[in-house]
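Subject: Structure handover

Hi,

Here is the structure for you to pick up. Please open it alongside this message.

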Amino acid sequence: DADADADADADADAEVAANGADHDGADGSGEAKPEDGDAKDEDMKDEEKEDFFEEEQPQEPEEPKELEEDAPADSRAKLSSTIQVGGVPDSTLNVMPTCGGKVLMALVDGGFQHLVAATRASAGVKAGRYLFEVRIVESRLCQDGGKVKPRQSCILGFSTRASSLFLDDGAESFGFDSEGHFVGAGPGQWSQEQLYSPFSPYNSVYGVLLNVDPSSPNANTVSLFRDGVRISKPQPVPEGMRGQVLYPTINYKNMTLHVNFGPSSFTTMPFACRMLQDAAAADIESAAAAKAKASAKREVLFPVGLPDEGTFGWLDDFLKENPQYSELSNRSLLNWGLKSGLYRKAGAWSNSNDSPLMDFGVRELDDYSLLSTLQQSLAPMLQRDYVVMQVKNNLLAEERKKALASYDGDSFKRVAVVIMGEPPEAFKAKARSQALEAKRRKVGDEVRKEKEAEAQARKDKQSLAVADKRRAAAEKKAEDGDKAEGEEGAEKKEEEEAEPAEEPEEDIEAAVKKAEEAVQLTAVEEKAQWFLQQPSEDLVKKDLGRSFASFSIPDQAEGFDEVRYAWQDASKAAEYLKAWISERKLTQRVEDIQPGAYFKQKHEEWQVKLAEWKRRHGESRAARWKQPVTKRRKVQEEKKEEEKKEEDEEKKERAEKKEEDEEPKAEDETKEEDDVKKEDDAEGEDGETKDAAAKQAEERKEVEEEEEETEESQIKLDDVEPFRVEDINDIGNGQPLYANFTWEDWIMANLRFELHLLVHAYRIDLNDEERPSFGEAHLQHYYQKYFRKTFTSKNFGVASNLELIGLIKDTLEALPKNNILEAQLAEDTPMDNFIRLAEDHRRERQQAYDAGDEMAKLNLQREAHPQAGGGGRDNRQRMLPQQQQQQQQQQQQYGGRQQHGYGAAAQHPMPQRGFDGGHHAAPPGYPSRAPAYGVPAGHHPVPYGYGGMPSGMPSQRVGAGTAQGSRGPAIGQPARYGPPAAFAPTAGGGGCGGGGPGL
């Protein structure tokens, strides 16, 4: 094809030359003769056609010329040591080299099929041009039942000695991946387009050529070849890596690779090229760390440090200075998974450094079982130095013993490294530097935000000013009409001159830099800053709360060959740990605490007494509302008696007047008749005398009773001192101390007792002198543990626990130093004292409110209660025994149906039509809509939904709220909630509106 193209080009050139000769004149002057004009036009048309067809037919691009030249002969000394891969520490734990290090295998089960195996060669290139080759011997398809399917991948490239083993992690690595992309320096720096076809296994050999020879036209480039043929253009070595020693690095997953460093190559290259093993010793640098000690024991370290006190910061510094140690921790597995291309679910975050939330969708990683496999099976098998980093387990003696059992004392030296107390000055200086940087960054962000807002405000102001000026000019022009062009130009010039110039904006970055430089740590901050601030806490609060009391410092008796103290000696470390535990006992919550016998007994006793007090409170309110009715009835009776007495006197006067007007009786009436009449009159006078005496005695008794009532009524509730009353159920006039309680006062009284009981029960149940109480921040936690319900300060009208405690400071206080709750009453305080405290607090609030203090009013949220008809069972529990007995009688009389509130359907197992007090029949679970009078007071019951005759006689029956309504006034118990019931109260949920009174 190339020869044919050359012949065609030659013919075209000859034709062009011939045409050119024809265009020239006969004398060779190039001037056209007139007789040749037509021929010239035809030739030009032919040329245009040829150019058109040539444009229509695209030419194949010429292959770039290979700039790599044959390597010259080199008489320098060759590399004597053998280049290896898969050695320690330059390989991950799942790399399994075999066949003398020429074949690289990897673990592909138990979760390792999702992790990349990475290894770096023991020698690196610092000059010249050298090649290494890789053949994919095996590509394994792993069956995994998880959500994430394992895949095969491979990256061949170079990295620096101090960089990560993963080629797409960090700014000091690059390479070619098996999917056809070039991986540049830095994470995510992949070529957008596919540069070559994907790798094929079994037969193909892939060669990576690094050229750092400054005299070569391809200097500082890397190229990829397949079976000796270039498949990728030379890719530039990142600027930051030029001049550094570059080590061959291989990443692979679910593959087996055959690696060849030379001295001879598997394939024939298009140019003479030397393999890495055939390089001059001067161009190669061997890794010093690769010369590992072969006979001595390997070390396995167990760092023992307190959570969030520099443990992981110490580990990072240690691994940086000692790269031969491999970290065994969940934190390292998390990083390994992320660098292997696994993705965490959206919203996943690291809960703690010790047990981070993996959330990869890989079972062995998500449940932390892969770490157990590493520690118990894989790590003891490999001859490596390890750091077993588990903060909680390394602080617990039992867990330390379990971990030591995995490492044979003949192969490993087991060392505990205690990292407690005050760290060295260098460590504290690093922590202060980090704190200062964070503080400066915060100030810089605030200044930048402020300056950007000011700049935007100036810009908006200037835009408004320009718009206003243009609008004014337009209006003026409309008023003045058309003007001469000269005048308009002059005015426009004046406007431009009058327009204010924009104020120069301050350089934002300069202002930010100036503000950051002005920031310094205070003396208090420097003194307190000992430890590096980690992005995540070392232990979650729940794990810490369950285990911190058992933390201890290891000793050799546990099985350690050595116990090292990194910061302070053994005595100071022990003192520091003791003080730390004591402090945490006051501030750390206990996760597994359970209510004891003391709490259960006191809580049950309080519930019984509270119910009794509320019952008496209801009776007292009912009696107070009964008094006006009784007085009105008494006045009416007295008025009737007076009217009757006056009527009798008038009759007597009329009779006497009639006798005077009658004629004298005949003198001849017999003596016997006169005697009979006298006897009758005497008997009448005696009867009247007796009736008058009985009436006078009754009146005296009533006067005495009224005097007694007057004496009792002179005792006023507000004049009685709450703590001087012997019996809170009777202050001396039959009235209880809590007579004026509202639902808010009952809630506050209950709150006082519950928090009082909670603090004392916590101390008794833990039985720890160092834990007398707990902090206010954990109030919700312990309240939930003991009372089995949530606790929210906002329900009491306050924003925080401290504000709530301020409302009941007579019962509970928070210590100012650490907000530890302290009970103000003794453990055996009588329960009625909480009623006294609530009454005293009620009076103080009332006085303050009367004085104009609106803040004295409580802003509590009322608890939700079952609606009428929906909770017949609970309603019965709030009834008096007499009411329950009456209800049972009614149920027996009317077929055993329970009539509560909005119908019997709420209680009856089968749906049925229900009735409410004094209303017509309603569908199950719904209120009746049409009112109807029920049973009249004191009369026989009538069928449900039918009216009855009204009666003025009082009845002791419970009218409203049951099946039998009463139209007349009926005396009963008031509802627990809602306004006082002057008429028939509800018996556990009224038929007309739940807790309110009903007819």
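Below is what was found, grouped by region.

The model is predicted. Please keep that in mind throughout.

**The antiparallel sheet**

Start with the open sheet. Its 5 strands run in the order β3-β13-β6-β7-β8, with antiparallel pairing. β3 (117–120) and β8 (182–183) are the edge strands, each with pairing on one side only. As background, strands of a sheet pair through backbone hydrogen bonds, either parallel or antiparallel.

β7 is a good strand to look at in detail. It spans residues 173–177 and pairs with β8 in the antiparallel sense over 2 bridges. Across that pairing, F176 stands opposite F182 of β8. β7 also pairs with β6 (residues 153–159), again antiparallel, through 5 bridges. There, L156 is opposite F176 of β7.

Is β7 covered on one face or both? Both faces are covered. S173, G175 and D177 lie on one side, F174 and F176 on the other, and all are buried. That fits the count for the strand: 5 of the 5 residues in β7 are buried.

Now the turn. The hairpin of β7 and β8 has 4 residues between the strands. Within that hairpin, G180 has a positive phi near 100 degrees.

Past β8, look at P198. It sits in the loop between β8 and β9 (205–211). The C-alpha atoms of P198 and S178 are 5.3 Å apart, although the two residues are 20 apart along the chain. P198 has 40% relative accessibility, so it counts as partly exposed.

**Strand β18**

β18 (residues 385–388) has parallel partners. Strand β16 (residues 298–305) joins β18 through 2 bridges, running parallel. Strand β17 (residues 325–328) also runs parallel to β18, joined by 4 bridges.

Which residue of β18 is the bridge partner of L301? It is V387. V387 also stands opposite E327.

The side chains of β18 alternate. D385 and V387 point one way, Y386 and V388 the other. All of these residues are buried.

**Salt bridges**

Side chains of opposite charge can pair when their charged atoms come close. How many salt bridges does the structure hold? The total is 47. Three pairs and one network are picked out here.

K339 and D169 come first. Their side chains meet in a salt bridge at 3.2 Å, N to O. K339 is in helix α4 (residues 330–339) and D169 is in the loop between β6 and β7, so this pair ties together parts 170 residues apart in sequence. K339 has 30% relative accessibility, so it counts as partly exposed. D169 also counts as partly exposed, because its relative accessibility is 23%.

Next is R448 with D445. The closest N and O atoms of this salt bridge are 3.4 Å apart. The two residues are 3 apart in helix α9 (residues 425–480), so about one helical turn separates them. R448 counts as partly exposed at 23% relative accessibility. D445, at 43%, also counts as partly exposed.

Then R842 and E839. Here the closest N and O atoms of the salt bridge are 2.7 Å apart. These residues are 3 apart in helix α20 (residues 832–850), so they too are separated by about one helical turn. Are R842 and E839 buried or exposed? R842 is buried, and so is E839.

Last, the network. Salt bridges link D74, R76, K78, R274, D278 and D283.

**The negative patch**

One surface feature remains. A negative surface patch is formed by E637, E638, E641, E642, E643, E646, D648, E649, E650, E653, E656 and E659. Of these, take E637 as an example. It is found in helix α15 (residues 597–661). Its relative accessibility is 45%, so E637 counts as partly exposed.

**Where to look**

If you want a short tour, begin at F176, opposite F182 in β8. Move on to K339 and its salt bridge with D169. Then view V387 in β18, opposite E327. Finish at the negative surface patch, which includes E637.

Best regards

Conventions: Residues numbered from 1 in each chain as written. Predicted model: local features only at pLDDT ≥ 70, side-chain atom pairs only at ≥ 80, totals over all residues. Heavy atoms only, no water. Patch = residues over 30% accessible without salt bridge, like charges linked within 9 Å, V, L, I, M, F, W, Y side chains within 5 Å. Areas by Shrake-Rupley, 256 points an atom, 1.4 Å probe, with all protein chains shown as cover. Salt bridge = Lys/Arg side-chain N within 4 Å of Asp/Glu carboxyl O. Lys, Arg positive; Asp, Glu negative; His and termini not counted. Charge placed at Lys NZ, Arg CZ, Asp CG, Glu CD. Buried < 20%, exposed > 50% of the residue type's maximum accessible area, 1.4 Å probe, protein only. Pairing = 2+ DSSP bridges.
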